[in-house]
Amino acid sequence: QSNVTVYGIVDLGYSFRDADGQSNRNAIDSGISSGSRLGFRGTEDLGNGLNVKFVLEQGIKPDTGESDQSGRTFGRASWVSLAGAFGEVRAGRQNALGYDWFAGGVTPWGTNYLQANPKTIFGYDNVAERVDNAVFYYSPSFSGFQGAIGYARNGNGNETAGNENDTAVVSAALRYRNGPLLAVLTYDQKDVADSNTTVNRDDTRNIAIGATYDFGALKAHFGYGQLKNRGFKKDADNENAWLVGLTVPVSTAGKLMATYQRVNDARNMNEYGRKFDDNRSGFAVVYDHGLSKRTSLYAYASQYANVVLDKSGSSDKLGDATELALGVRHSF
Amino acid sequence: QSNVTVYGIVDLGYSFRDADGQSNRNAIDSGISSGSRLGFRGTEDLGNGLNVKFVLEQGIKPDTGESDQSGRTFGRASWVSLAGAFGEVRAGRQNALGYDWFAGGVTPWGTNYLQANPKTIFGYDNVAERVDNAVFYYSPSFSGFQGAIGYARNGNGNETAGNENDTAVVSAALRYRNGPLLAVLTYDQKDVADSNTTVNRDDTRNIAIGATYDFGALKAHFGYGQLKNRGFKKDADNENAWLVGLTVPVSTAGKLMATYQRVNDARNMNEYGRKFDDNRSGFAVVYDHGLSKRTSLYAYASQYANVVLDKSGSSDKLGDATELALGVRHSF
Amino acid sequence: QSNVTVYGIVDLGYSFRDADGQSNRNAIDSGISSGSRLGFRGTEDLGNGLNVKFVLEQGIKPDTGESDQSGRTFGRASWVSLAGAFGEVRAGRQNALGYDWFAGGVTPWGTNYLQANPKTIFGYDNVAERVDNAVFYYSPSFSGFQGAIGYARNGNGNETAGNENDTAVVSAALRYRNGPLLAVLTYDQKDVADSNTTVNRDDTRNIAIGATYDFGALKAHFGYGQLKNRGFKKDADNENAWLVGLTVPVSTAGKLMATYQRVNDARNMNEYGRKFDDNRSGFAVVYDHGLSKRTSLYAYASQYANVVLDKSGSSDKLGDATELALGVRHSF
């Protein structure tokens, strides 16, 4: 049937990790350079410049055959939209804008590559990645400018009666794309549930600004973000994160990418009074070699300081970690 | 591959509910006007008028990306059939006939629209909706008449050795379709498991009769059903449910639908000795506007008395509820 | 999109079982003659004789609409491969070689037909069927000879840091195919996890040799296998299993198949000191009638002695069992 396109990515590789005080890990892992997925999408032309689109996209882990996103069937995306001259309105489970336009769009490799994932550094795991029950509006592009704004009464799981147990999500962004320049400004907010009456709780907020410029011989990446009230803790230190990156085409098929990222992660900051020289920071290098437009081999290396080694309730154990990976990414 | 057709429906909308003594609920919900689904089906021509068909249909909830039917992979349907001049024999998980031909076929909007769902009013949630391990026979059509009958040793879950823990399901129906008239008679039965030796237990039975007549300017809908022994309780009051409905085309793209339904729901009847003027009853109105053959916008409003507000073990809390919804349904 | 082929099998039938001291079981079951499945696969030609392939294959149970393999999304297979003149390298969840080339390839009906499944007789449920996190190399064919070898750091589930809780899997095989003759030699091994320091534990190993010869009027099947250290128990008796089988084409559409299998199953051997005349053994007959290349009807009967009737912790209850089945298998 021509109404549906089946598409996806299978990304599998060998992954090595050596972290402070831990045994090394050797593994075949999924989703190192790109989240493995199987998707179904379609577009219907309604006439008068109006379109309906839908996406049903399942995150998968082909190393073990399981679903990603904790087993959610269409954990990556499931939405329907109406699009026209007025822009596009999407309803359903979908990406928040900071996660998609900033972390996914401004950095050299989007929300990928293990500990070098900008998602973690910029705190999108704490605000909003993918949002349930969401309605987003995307404006048309005006001389390179595009805006978008979205809202969900509950960002994770079905809405409750009274909605007082829901954690609402607000997401807004502005993007400028013109020739070699891409610039974005994003704002994401996750509200404290009304039922959560603990004092010193406040909405978690994330604001980020980033840009890329393509000089031809190389492309430069820059990003800055600030996360407030991590985990709704009003007295948590603000986290200031930044990234610089480079993408260098080294042949018709190969490109070299690198980033340096730094953030004063507030996860344990207040409990332990760690100084700002305990920042999480590190660099990563990726070489991506295209065997075709749809298939690439990649090699990755990174070294980070003060990453989370162990999630142990109130206080996470931090330490340095080195990661290496080698893999293949096939799109279909 | 031409052997498989991928198809489905994404139905998402805004839903509001105001019920007695409860906080209002505001939500983006899936499946208001039609169960969202992703399906795979095919037909093979074996020659001599013989066909093999299969359907694998997954219920989905695109508001959260989860699977419907409590996470069953192909929770809506998964069967294979042999069809020919003799009719069609289907094996696998499939619809019971009262649920499909009566509630799904005679009422204006099938088994949809929240509290106005005929499925609930006519008690199909208590007998059989979709039946596991079932074999159904559908006769060919003789001058408008078609019959069907089905049986499952266990209607929900894998069969056990000895089958004494199984709840068998029997389903039978007659349908007449000729020009403007559609009439159906359906019978569904769920047997008490042989292992259930509690006294005063008996098979739950559901019989229903319904018809629609298309006058052109409007289509009239009528249905009557009787449910015996709700939840296998032999001393439960019989439930007598009826529905009247209208479908009125108001433009080439738009149609207005309305129903009034009434049932003496026996859920708490005996425990609380509620009178028959405590009947569950209500009306609902739907406006459906087709943007194309595959895509519609819809608006829904309903007011019901004595719906189940809270499932609390032995006694459900009942009350009045108002519902509004606005959504989009896209078929692919 | 031409990049993806959607394919699968729906296999449903009536199944009867009469076992010693148990109630009979009557059921509609999935996967009697072939595991029901829904798959997505594709191949990309990279030029220079190089190909990329992927397979995502979900095991399904259309009798109840559930996923097979304990609910794993792509429980049957999920891998990506690079293939060329050098052979093929596959990464992801995939078949072990004894399970695939021996039990699946040399026996008349592969790893199917309930208690007559060679998988159980030859102990592949105890070593490796499908292997997570695996990398396999398949050689090209040299005058009919092909070799393959694979390894997984952890055969079931994600790898752990230090990998000391992982159960590694090694699989290797040689196959000869030439005209009427097929012969295979397979070796599979599941290692004791490094964290398992119980004494008298050792790697479980399975070695098998088998052949088929097609005389035209009939095809003869032979297999012999030895399983060591069932369940890592070093002092478990070796299990010696063998199979003889026949495939006889009885018409253009119909073929008759039969096997006799025998094994001294070591499951309870040591605990109960049962003699070797307590061997599990039995015969099975299948008639398969093709309605087309893609659709068959089948009938099956088998009688086995000392099959596992009840898994009850340390000691399984054994007894004789008779099985009958009648079903349909449709490929798409």
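## Salt bridges within chains

A salt bridge here is a side-chain nitrogen of Lys or Arg within 4 Å of a carboxyl oxygen of Asp or Glu. The model is predicted. B:Arg93 and B:Asp132 form such a bridge, with their closest N and O atoms 2.6 Å apart. This pair links distant parts of the chain. B:Arg93 sits in strand E7 (residues 87-95) of chain B, B:Asp132 in strand E8 (residues 130-138), and 39 residues separate them. B:Arg93 is buried, at 6% relative accessible area. B:Asp132 is buried too, at 0%.

Chain B also pairs B:Glu239 with B:Arg230, where the closest N and O atoms are 2.5 Å apart. B:Glu239 counts as buried because its relative accessibility is 2%, under the 20% cut-off. B:Arg230, at 8%, counts as buried as well. In chain A, a network of salt bridges links A:Arg230, A:Glu239, A:Asp265 and A:Arg280. In chain C, the side chains of C:Asp29 and C:Arg25 meet in a salt bridge of 2.9 Å, N to O. Both C:Asp29 and C:Arg25 are buried. Over all chains, the search of the whole structure finds 40 salt bridges.

## Interface of chains C and A

Chain C brings 32 residues to this contact and chain A brings 29. Together the two chains bury about 2,600 Å², of which 64% is on carbon and sulfur atoms. One salt bridge crosses the interface. The partners in this bridge are A:Arg25 and C:Glu159, at 3.6 Å, N to O. There are also 15 residue pairs in polar contact, with both residues at pLDDT 80 or more.

On the chain C side, the elements giving two or more residues are strands E3 (37-47), E4 (50-61), E6 (77-84), E7 (87-95) and E8 (130-138). E6(C) gives the most, with four residues. By class, this side holds 14 nonpolar, 12 polar and six charged residues.

## Interface of chains B and A

Here 29 residues of chain B touch 32 residues of chain A. The buried area is about 2,500 Å², with 63% on carbon and sulfur atoms. One salt bridge spans this interface. B:Arg25 and A:Glu159 make the bridge, at 3.6 Å, N to O. The polar contacts between the two chains number 15 residue pairs, both residues at pLDDT 80 or more.

Elements giving two or more residues to the chain B side include strand E1 (5-19), strand E2 (25-30), strand E17 (295-310) and E18. E2(B) supplies the largest share, five residues. The chain B side divides into 13 nonpolar, 11 polar and five charged residues.

## A buried histidine

B:His330 lies in strand E18 (residues 317-331) of chain B. B:His330 counts as buried, at 0% relative accessibility. The side chain of B:His330 makes a polar contact with the side chain of B:Thr295, at 2.8 Å.

Leaving aside residues up to four places away in sequence, B:His330 touches residues of chain A and chain B. On chain A they are A:Glu44, A:Val52, A:Phe54 and A:Val80. On chain B they are B:Gly8, B:Ile9, B:Val10, B:Arg294 and B:Thr295.

## The nonpolar core

In soluble globular proteins, nonpolar side chains tend to be buried together. The largest nonpolar core of this model has 51 residues. The members that touch the most others are A:Phe40, A:Leu56, B:Phe40, B:Leu56, C:Phe40 and C:Leu56.

B:Phe40 has contacts in chains A, B and C, not counting residues up to four places away in sequence. Among them are A:Phe40, B:Leu56, B:Phe74, C:Val6, C:Leu38 and C:Phe40.

Terms used
Residues numbered from 1 in each chain as written. Chains lettered and ligands numbered in written order. Predicted model: local features only at pLDDT ≥ 70, side-chain atom pairs only at ≥ 80, totals over all residues. Heavy atoms only, no water. Contact = heavy atoms within 4.5 Å. Buried area = accessible area lost by both parts, 1.4 Å probe. Polar contact = N/O pair within 3.5 Å; in protein donor to acceptor, adjacent residues only side chain to side chain. Nonpolar A, V, L, I, M, F, W, Y, C, P; charged D, E, K, R; others polar. Core = buried A, V, L, I, M, F, W, Y, C linked by side-chain atoms within 4.5 Å. Buried < 20%, exposed > 50% of the residue type's maximum accessible area, 1.4 Å probe, protein only.
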